[in-house]
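Work through the exercises below with the model in view. Try each task before reading its solution.

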Amino acid sequence: MKYFYIALLSILAIPSLESCKRGMSPKDYNELVVNLHERSWQYLQNKSSELYTSEIYYETSKDIVDSIEFVFDTIIGRLDSTKYPREAHRFHQATMKLFEYMRDSVIPLYAITLDYKPESYEWYKAWNDIDSIFSGRVSQLENSLIEEQMKFAEKVSINY
């Protein structure tokens with residue numbers, strides 16, 4: 001349960017989108033996506049490291065996986081309700097595709113690791129599957145997001 005509250009607090013720290021009824025400025029939208037991406041990846045990396053340790057108990061591991069799923073569900077909900085700039089349509093679609101893929105395809109792989117005894121052959125295989133999907137499809141989706149972000153930034157003249 002502790003991990004649920006940590007996840008909740010980490011998401012609540014992300015700027016609220018409630019004030020975006022009429023649409024976000026291109027710069028604000030870009031910063032929002034970058035912020036969501038950085039925070040979610042940092043959270044995922046930290047929790048993944050915790051899961052990989054063999055000293056934690058099943059219930060704690062399950063709470064960690066649930067908190068990761070909660071974070072990605074919350075981000076998808078926020079992005080889905082965001083009135084993004086018209087010019088950001090393809091960038092928004094690429095962002096949603098990445099986060100939805102993480103929620104629907106990657107997080108379930110973390111849950112599978114809970115089915116095996118830590119450091120068993122099956123457990124290592126499950127973690128190798130996670131590594132493989134990150135170097136494969138997740139990397140492709142991230143590259144697409146970056147490509148769309150660069151096109152968007154050029155279109156609306158956001159300079160870095």
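**Exercise 1.** State how many helices and strands the protein chain has.

Solution. The protein chain has 5 helices and 0 strands (DSSP runs numbered from the N terminus: helices are H or I, at least four residues; strands are E, at least two). Along the sequence the pattern reads α-α-α-α-α. The model is predicted: local features need pLDDT of at least 70, side-chain atom pairs count only at pLDDT 80 or more, and totals for chains, interfaces and linings use all residues. Residues are numbered from 1 along each chain as its sequence is written, and side-chain values use heavy atoms, leaving out hydrogens and water.

**Exercise 2.** Find the partner of Arg90 in a salt bridge, and place both residues.

Solution. Step one: the partner is Glu148, with the closest N and O atoms 3.3 Å apart. A salt bridge here is a side-chain nitrogen of Lys or Arg within 4 Å of a carboxyl oxygen of Asp or Glu. Step two: Arg90 lies in helix α4 (residues 89-113) and Glu148 in helix α5 (residues 121-156), so the pair ties together parts 58 residues apart in sequence. Step three: Arg90 is exposed at 55% relative accessibility, while Glu148 is buried at 9% (buried is under 20% relative accessible area, exposed over 50%, partly exposed in between; 1.4 Å probe, protein chains only).

**Exercise 3.** Trace the salt bridges of Lys151 to Glu147 and Glu148.

Solution. Lys151 meets Glu147 at 3.3 Å, N to O. Both lie in helix α5, 4 residues apart, about one turn of the helix. Lys151 also pairs with Glu148, at 3.6 Å. Shared partners join Arg90, Glu147, Glu148 and Lys151 into one network.
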